[in-house]
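Reader: Could you walk me through how to read a fold like this one, feature by feature?
Author: Gladly; let us look at the picture together and begin with the basics.

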Amino acid sequence: MSATDREGLTPSMWACHFDQLENLRILRSALARMDPRDDALFEETDCCGKTIIHWAVNRMASTKCLKELLSEETVLMRTKDGKSVIHVATEEGFSSTDFCL
């Protein structure tokens, strides 16, 4: 599950970018068989330090993957530049009400 492209994106990050919730669930299930830790999915980063949760807010049209991944812990995750999920979401045009899931 840790295969990455040249920008460092994993298949799970791409699933979130395109808001493909079923694909994310399949990939998450496969990863859980290899690494049962709950936070394993959130450890990998792309070349800019974005995690899967940052990629979930990279898509404004739908928030299915974001709703699946957002928690008190994941909302605090930061990129290499120190941007939280809320910073990235704001850059992408989300409003604060979008986080009231």
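Author: Helices (H or I, at least four residues) and strands (E, at least two) are DSSP runs, numbered from the N terminus. With that in hand, the elements of the protein run α-α-α-α-α from the N terminus on. The secondary structure comes to five helices and zero strands. Please keep in mind that this is a predicted model, in which local features need pLDDT of at least 70 and side-chain atom pairs count only at pLDDT 80 or more, while totals for chains, interfaces and linings use all residues. Residues are numbered from 1 along each chain as its sequence is written, and side-chain values use heavy atoms, with hydrogens and water left out.

Reader: How do I read burial, and what percentage of the 101 residues count as buried?
Author: Buried means under 20% relative accessible area, exposed means over 50%, and partly exposed lies in between (1.4 Å probe, protein chains only). Here 42% of the 101 residues count as buried.

Reader: And contacts: what share of those with a separation of 6 or more comes from residues 24 or more positions apart?
Author: Contact means heavy atoms within 4.5 Å. In this protein, residues 24 or more positions apart account for 62% of the contacts with a separation of 6 or more.

Reader: Let us take one helix. How does the span of helix 2 compare with what is expected?
Author: The expected span of a helix is 1.5 Å times one less than its number of residues. Helix 2 covers residues 21–34, which is 14 residues, and reaches 20 Å from its first C-alpha to its last, close to the 20 Å expected at 1.5 Å a residue.

Reader: Which residues of helix 2 are buried?
Author: A general idea helps here: an α-helix has 3.6 residues a turn, so residues three or four places apart point the same way. In helix 2, the buried residues are Leu-21, Leu-24, Leu-27, Ala-30 and Leu-31. Their cover includes helix 1 (11–17), helix 3 (52–56) and helix 4 (64–69).

Reader: Now the interior. Which residues of the largest nonpolar core touch the most other members?
Author: In soluble globular proteins, nonpolar side chains tend to be buried together. A nonpolar core is a set of buried Ala, Val, Leu, Ile, Met, Phe, Trp, Tyr and Cys residues joined through side-chain atoms within 4.5 Å. The largest one has 25 residues, of which Cys-16, Leu-24, Leu-41, Phe-42, Ile-52, Ile-53 and Leu-69 touch the most other members. Helix 1, helix 2, helix 3, helix 4 and helix 5 (85–92) each supply at least two residues of this core. As for Leu-69, leaving aside neighbours within four places in sequence, its contacts include Cys-16, Leu-24, Arg-28, Leu-41 and Phe-42.

Reader: Cys-16 keeps coming up. Why is Cys-16 not bonded to Cys-65?
Author: A disulfide is a pair of cysteine sulfur atoms within 2.5 Å. The closest cysteine sulfur to that of Cys-16 is in Cys-65, 4.2 Å away, and therefore too far for a bond. Cys-16 sits in helix 1 and is buried at 0% relative accessibility. For Cys-48, the closest cysteine sulfur is in Cys-47, also too far for a bond at 4.2 Å; Cys-48 is partly exposed at 44%. The count comes to zero disulfides.

Reader: How many aromatic pairs are there?
Author: Rings of Phe, Tyr and Trp (its six-membered ring) pair if their centres lie within 6.5 Å; planes under 30 degrees apart count as stacked, over 60 as edge-to-face and the rest as tilted. The count is one aromatic pair. Trp-14 and Phe-18 have ring centres 5.7 Å apart and planes at 15°, so the pair is stacked. Trp-14 is partly exposed at 33% relative accessible area, and Phe-18 is partly exposed at 43%.

Reader: Finally, the loops. Is Asn-58 buried or exposed?
Author: Asn-58, in the loop between helix 3 and helix 4, is buried, with a relative accessible area of 13%. Not counting residues up to four places away in sequence, Asn-58 touches His-17, Lys-50, Val-88 and Glu-92.

Reader: And what is the phi of Asp-19?
Author: Most residues other than glycine have a negative phi, and most peptide bonds are trans. Asp-19 has a positive phi of about 55° although it is not a glycine. Asp-19 lies in the loop between helix 1 and helix 2 and is buried at 5% relative accessibility.
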